[in-house]
Structures are given as structure tokens and as C-alpha cells.
Amino acid sequence: QVRLVESGGDLVKIGGSLRLSCAASGSDFDSVAVGWTRQAPGKQRELLGYVTSGGSPIYVDFVKERFTLSRDNAKRIVYLQMNNLKPNDTGAYYCHTLGTTPVFWGQGTQVTVSS
């Protein structure tokens, strides 16, 4: 069982940066991969990447240059650092487990990028 709570979403200008946090509780956190997925208005959710239990980040191609994933198992937090934000980065950002049954999701945090 893993409970996830996202934070750090905000209104930011084009080209700005944000760091999202995913705080976890539950006994299984250290052994699971944790990912970030976003959902833009009117669109389907899209996976951005994930961090393995050992801390290795895996990215989808379109975020490699701008986003950085990391985790601090001692603090039980997974981070998503986002740089050079663009309007199409606007959306709800969710962290979630991977490879667990069921998959555990946070409630999401809103990122809005505007001029």
C-alpha cells in the first residue's frame, strides 16, 4: 500500500521553472518505481517518465531536455524538476506507482504556463 500526495504546482510564465514533489507514505515505497503523468485540458494522460526503486530516471523522449526526475528515499519524496516551461506543459500532474497491483495515484497538482 502506497499513498502519494503531489505538491508544487503553480502558475508560471513561459520559460519558467517548477519543481513538483510527490510525497509517499506506506511500507512499500522503497521497492517501487514511481512515475509522473500529466493530463492537459481535453487530452488523454501522458506518461512523462519514472524513477526506478534504485533511483534511475527513465524519460520519454519529448521531456528529456527539460525535465529531471529524482527521488530521495530517506525523505520518501520523488521530484519532477521542470525547466523552460511552455504553454503546452499546462495540465494536471500526477505521480503514481508502476508495476504494482493496483496502481496507486496521487490527487494531482495543477501547472499553468502562461505569458
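1. In this predicted model, an open sheet is formed by 6 strands, arranged in the order β2-β10-β9-β4-β5-β6 with mixed pairing. Strands β2 (11-13) and β6 (57-59) are the edge strands, and each of these pairs on one side only. On average, and with direction ignored, neighbouring strands of this sheet are turned by 30° against each other.

2. Within the sheet of 6 strands, the contact between β4 and β9 can be described in detail. Strand β4 (residues 33-39) runs antiparallel to β9, and 7 bridges join the two. One position may serve as a reference point for inspection: V34 has T97 in β9 as its bridge partner.

3. A further open sheet consists of 4 strands in the order β1-β3-β8-β7, and its pairing is antiparallel. Its edges are occupied by β1 (3-7) and β7 (67-72); each has a single partner strand, and therefore one side of each is left without a neighbour in the sheet. Here neighbouring strands are turned against each other by 15° on average, direction ignored.

4. In the sheet of 4 strands, β3 (residues 18-25) and β8 (residues 77-82) run antiparallel and are joined by 6 bridges. Across this pairing, L20 stands opposite L80 in β8.

5. Which aromatic residues pair in this model, and in what geometry? The structure holds 1 aromatic pair. It consists of Y94 and W105, whose ring centres are 6.2 Å apart; because their planes stand at 80°, the pair is edge-to-face. The pair links distant parts of the chain, with Y94 in strand β9 (residues 91-98) and W105 in the loop between β9 and β10 (109-114), 11 residues apart.

6. The two partners should also be considered by their accessibility. Y94 has a relative accessibility of 13% and so counts as buried, the cut-off for that class being under 20%. W105, by contrast, has a relative accessible area of 37% and is partly exposed.

7. What lies over the face of Y94? The residue is R45, at 4.1 Å from the ring centre. R45 also lies over the face of W105, at 4.5 Å from the ring centre of that residue. The description of the aromatic pair should accordingly include R45, which lies over the face of Y94 and over the face of W105.

8. The loop between β9 and β10, where W105 is placed, also contains P102. A cis peptide bond joins T101 and P102, with omega at about 0°. As general background, most peptide bonds are trans. The bond between T101 and P102 is cis and merits a check in the displayed structure.

9. Two residues other than glycine deserve mention for a positive phi. In R76, phi is near 60°; this residue is placed in the loop between β7 and β8. With 25% relative accessibility, R76 counts as partly exposed.

10. In N84, a residue other than glycine, phi is also positive, with a value near 50°. N84 is located in the loop between β8 and β9. Its relative accessible area is 38%, so N84 is partly exposed. For context, most residues other than glycine have a negative phi.

Terms used:
Residues numbered from 1 in each chain as written. Predicted model: local features only at pLDDT ≥ 70, side-chain atom pairs only at ≥ 80, totals over all residues. Heavy atoms only, no water. Pairing = 2+ DSSP bridges. Axes fitted to C-alpha atoms, helices over the stretch in contact; angles between N-to-C directions. Phe/Tyr/Trp six-rings, centres within 6.5 Å; stacked < 30°, edge-to-face > 60°. Buried < 20%, exposed > 50% of the residue type's maximum accessible area, 1.4 Å probe, protein only. Lys NZ or Arg CZ within 6 Å of the ring centre and 35° of its normal.
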